[in-house]
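Me: I am new to this structure and would like a close look at a single part of it. Could you start there, go slowly, and then follow the chain outward to whatever surrounds that part?

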Amino acid sequence: VTAVLMGLAALGAVVATARTVPRRPWDAMLVAASPVLLLTATINWDLLAVALTSLAILAWTRDRHVLAGLMVGLGAAAKLYPVLLLGPMLVLALRAADRQRALGDYLATLGTAVATWTAVNVPVYLWAPDGWRHFYTFNSERGAELGSPWYALDLLVPGLLPDRIEPVLFTSALVLLGLIVVLGLAAPEPPRLAQLAFLAVAAFLLVNKVWSPQYALWLLPLAV
């Protein structure tokens, strides 16, 4: 069952990537034929979130903002990283010629995403609150691990980092995301959603205290 679901998710990511830029549908072959997809697709459930993220970008480029919010909410329920799309979407709304209308569309996307995530998570929380909380408590309590720059820094300079690196992590993430916002607002031409989303996800991964091989899947459709 897992293999079938991941196969459908991979197909969804490929089709969404092909349709996002209609004049270059063959670019999606870079997703389908990527060694990253071959080697990491079934490590975890990340590919489901990747497919939903790709569909959210497709919906946004088609001006289907409620559908984009639905995809972001479902994706964030599977893996939190799709919420990073909401920042670039806001930047694009601020860059739009009709800013008032664009901000209204953005609020529709944001509201739908929040409502969808809540609708998925509340029943799970009510059914198994300890299991629901475990993801958040585990990730907040774990330290820097293999593949993380913080782990490497701790090896190079023992004792430099505090026991809890969350404040350093969040500060670093906010600085990088802030720079991306400035870049998106100051660029001579309005950037595309996938461009800003790639930078946002890459920034998050650069400062994350954990690196898992399947995280490369997050960047694959965005890079293409």
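**Around an aromatic cluster**

Reply: Phe204 is a good place to begin, and with a relative accessible area of 30% it is partly exposed. Please keep in mind throughout that the model is predicted. Trp218, by contrast, has a relative accessible area of 4% and is therefore buried, since the cut-off for that word is under 20%. Both residues belong to a cluster, in which ring pairs link Tyr81, Phe204, Trp211, Tyr215 and Trp218.

Before looking at how Phe204 and Trp218 sit against each other, it helps to see what counts as a pair. Rings of Phe, Tyr and Trp are taken to pair if their centres lie within 6.5 Å, and by this rule the count comes to eight aromatic pairs. In one of them, Trp132 and Tyr136, the ring centres are 5.0 Å apart and the planes stand at 45 degrees, so this pair is tilted. Trp132 and Tyr136 are both in helix 8 (residues 129-141), and because they are four residues apart there, about one helical turn separates them. Trp132, at 23% relative accessibility, counts as partly exposed, and Tyr136, at 31%, counts as partly exposed too.

Phe204 and Trp218 form an aromatic pair of another arrangement, a stacked one, with 6.2 Å from centre to centre and 20 degrees between the planes. Since Phe204 lies in helix 11 (residues 193-207) and Trp218 in helix 12 (residues 216-223), the pair ties together parts that are 14 residues apart in sequence.

The loop between helix 11 and helix 12 is where Pro213 lies, and at a relative accessible area of 48% Pro213 is partly exposed. Leaving aside residues up to four places away in sequence, Pro213 touches Thr40 and Ile43. A further distance helps to place this loop residue: Pro162 is 51 residues from Pro213 along the chain, and the C-alpha atoms of the two are separated by 26 Å.

Turning to the other side of helix 11 in sequence, one comes to helix 10, and the two helices pack with their axes 9 Å apart at an angle of about 160 degrees. As the cut-off for roughly antiparallel is over 145 degrees, that angle makes helix 10 roughly antiparallel to helix 11. Their crossing is right-handed. On the helix 10 side the contact is made by Leu169, Ser172, Ala173, Leu176, Leu177, Ile180, Leu183 and Gly184, which meet Leu196, Leu199, Ala200, Ala203 and Val207 of helix 11. Sorted by character, the residues of this contact are eleven nonpolar, two polar and no charged.

Pro190 has its place in the loop between helix 10 (166-186) and helix 11. With a relative accessible area of 48%, Pro190 is partly exposed, and its C-alpha lies 18 Å from that of Ala59, a residue 131 places away in sequence.

For comparison, it is worth setting a second helix pair beside this one. Helix 6 (residues 86-95) and helix 7 (residues 99-127) pack with their axes 8 Å apart and at an angle of about 165 degrees, which means that helix 6 is roughly antiparallel to helix 7. The crossing of helix 6 and helix 7 is right-handed. Here Leu86, Met89, Leu90, Ala93 and Leu94 of helix 6 meet Arg99, Ala102, Leu103, Tyr106, Thr109 and Leu110 of helix 7, and the residues of this contact divide into nine nonpolar, one polar and one charged.

Thr109 leads on to another residue, for His65 touches Trp60, Asp105 and Thr109 when residues up to four places away in sequence are not counted. His65 is found in helix 5, and with a relative accessible area of 11% it is buried. Asp63, in turn, is found in the loop between helix 4 (46-61) and helix 5 (65-78), and at 58% relative accessibility it counts as exposed. The backbone of Asp63 also deserves a careful look, as its phi is near 60 degrees, a positive value in a residue other than glycine. As a general matter, most residues other than glycine have a negative phi.

How values were computed. Residues are numbered from 1 along each chain as its sequence is written. This is a predicted model: local features need pLDDT of at least 70, side-chain atom pairs count only at pLDDT 80 or more; totals for chains, interfaces and linings use all residues. Side-chain values use heavy atoms; hydrogens and water are left out. Rings of Phe, Tyr and Trp (its six-membered ring) pair if their centres lie within 6.5 Å; planes under 30 degrees apart count as stacked, over 60 as edge-to-face and the rest as tilted. Buried means under 20% relative accessible area, exposed over 50%, partly exposed in between (1.4 Å probe, protein chains only). Axes are lines fitted to C-alpha atoms, for helices over the stretch in contact, and angles run from 0 to 180 degrees between N-to-C directions. Angles under 35 degrees count as roughly parallel, over 145 as roughly antiparallel, 65 to 115 as roughly perpendicular and the rest as oblique. A crossing is left-handed if the near helix is turned anticlockwise from the far one by less than a right angle, and right-handed if clockwise. Contact means heavy atoms within 4.5 Å. Ala, Val, Leu, Ile, Met, Phe, Trp, Tyr, Cys and Pro count as nonpolar, Asp, Glu, Lys and Arg as charged, and the others, Gly among them, as polar.
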